[in-house]
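Trainee: I am new to this structure and would like a close look at a single part of it. Could you take me through one sheet and its surroundings, step by step?

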Amino acid sequence: MFQLGKTIVSEDIIEKDFVCNLSACKGACCIDGDAGAPLDDEESKILKDIYPKVKPFLRKEGIEAIEKQGEYITTDFGDLETPLINGADCAYVIFDDKKTALCGIEEAYNQGVISWKKPVSCHLYPIRVKAYSEFSAVNYDKWEICDDACALGKELQVPIYKFVKEALIRKFGEDWYSELEKVAENYR
């Protein structure tokens, strides 16, 4: 672990390689698991605001889940998350013609309907950020459904921090990312 400003960062994001391989996993991270995508307070407000524009991109089941549970949910621990369809798929998931899970929010963004790409936790994956009172922990979330992404990343020699560069800049800023690059250059 090393410190960058008010973050404690796992060396795994420098050491491990990763490139999403949607043709292999079919977007399993959006449909497997037992929780929705983590959100912060600002993102929950954004979801509420953009939902009418995103709704036309969503599946019937997703719309039903959102209209029953809300644009986001609050867990028993007080955390904010995207709602799920029957405890499985994220309510914002859509599928392409190859049955690959995609994000309905990101599709609306890609088509210029909204200006917000998707929750930063999704954009950052496989990195997870946990906020504490004095700092945020930046960690690699190893999940076996991403084994093909690890293999592709290794083949292409793309470390995690480079794969999620845009998301890290979105979360922590250009200066933070520049400092991370300096650490990575000295580390590898």
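Mentor: Let us begin with one residue, Ile8, which is found in strand S2. Please keep in mind that this is a predicted model, and that what follows is read from that model. With a relative accessible area of 23%, Ile8 is partly exposed, because a residue has to be under 20% to count as buried. Leaving aside its neighbours within four places in sequence, Ile8 is in contact with Met1, Phe2 and Gln3, and also with Phe135, Ser136, Ala137 and Val138. For a sense of distance elsewhere in the chain, the C-alpha atoms of Ile8 and Val113 are separated by 36 Å, although the two residues are 105 places apart along the chain.

The strand that holds Ile8 belongs to an open sheet of four strands, which run in the order S1-S2-S11-S10 with mixed pairing. Strands S1 and S10 stand at the edges, and each has a single partner strand, so one side of each is left without a neighbour in the sheet. On average, and with direction ignored, neighbouring strands of this sheet are turned by 25° against each other.

At the S10 edge, strand S10, residues 127–131, pairs with S11 in the antiparallel sense over five bridges, and the two strands form a hairpin with four residues between them. Two of the bridge partners can be named: Ile127 is matched with Tyr140 in S11, while Ala131 is matched with Ser136 in S11.

Helix H10 packs on the sheet, where it touches S1, S2 and S11, and its direction makes about 150° with that of S1. Within that helix, residues 174–187, Trp176 is a useful place to pause, since leaving aside neighbours within four places in sequence, Trp176 is in contact with Leu4, Thr7, Val9, Val138 and Leu168.

Another helix, H9, meets H10 as well: their axes come within 7 Å and cross at roughly 130°, and the two helices are therefore oblique to each other. On the H9 side the residues are Lys165, Leu168, Ile169 and Phe172, and they meet Glu174, Trp176, Tyr177, Leu180 and Glu181 in H10. Sorted by class, this contact has six nonpolar, no polar and three charged residues.

Some of these residues return in the largest nonpolar core, which has 27 residues and in which Ile13, Ile127, Tyr161, Leu168, Trp176 and Leu180 touch the most other members. Among the elements that each supply at least two residues of this core are strands S1 and S11 and helices H1, H9 and H10. A second, separate core of 24 residues includes Leu47, Ile94, Ile114 and Trp116. In soluble globular proteins, nonpolar side chains tend to be buried together.

To finish, return to the stretch just after S2, where Ser10 lies in the loop between that strand and H1. Ser10 is buried, because its relative accessible area is 8%, and, not counting residues up to four places away in sequence, Ser10 touches Met1, Phe2, Val138 and Asn139.

Technical notes
Residues are numbered from 1 along each chain as its sequence is written. This is a predicted model: local features need pLDDT of at least 70, side-chain atom pairs count only at pLDDT 80 or more; totals for chains, interfaces and linings use all residues. Side-chain values use heavy atoms; hydrogens and water are left out. A nonpolar core is a set of buried Ala, Val, Leu, Ile, Met, Phe, Trp, Tyr and Cys residues joined through side-chain atoms within 4.5 Å. Buried means under 20% relative accessible area, exposed over 50%, partly exposed in between (1.4 Å probe, protein chains only). Contact means heavy atoms within 4.5 Å. Two strands pair if DSSP finds at least two bridges between them. Axes are lines fitted to C-alpha atoms, for helices over the stretch in contact, and angles run from 0 to 180 degrees between N-to-C directions. Angles under 35 degrees count as roughly parallel, over 145 as roughly antiparallel, 65 to 115 as roughly perpendicular and the rest as oblique. Ala, Val, Leu, Ile, Met, Phe, Trp, Tyr, Cys and Pro count as nonpolar, Asp, Glu, Lys and Arg as charged, and the others, Gly among them, as polar.
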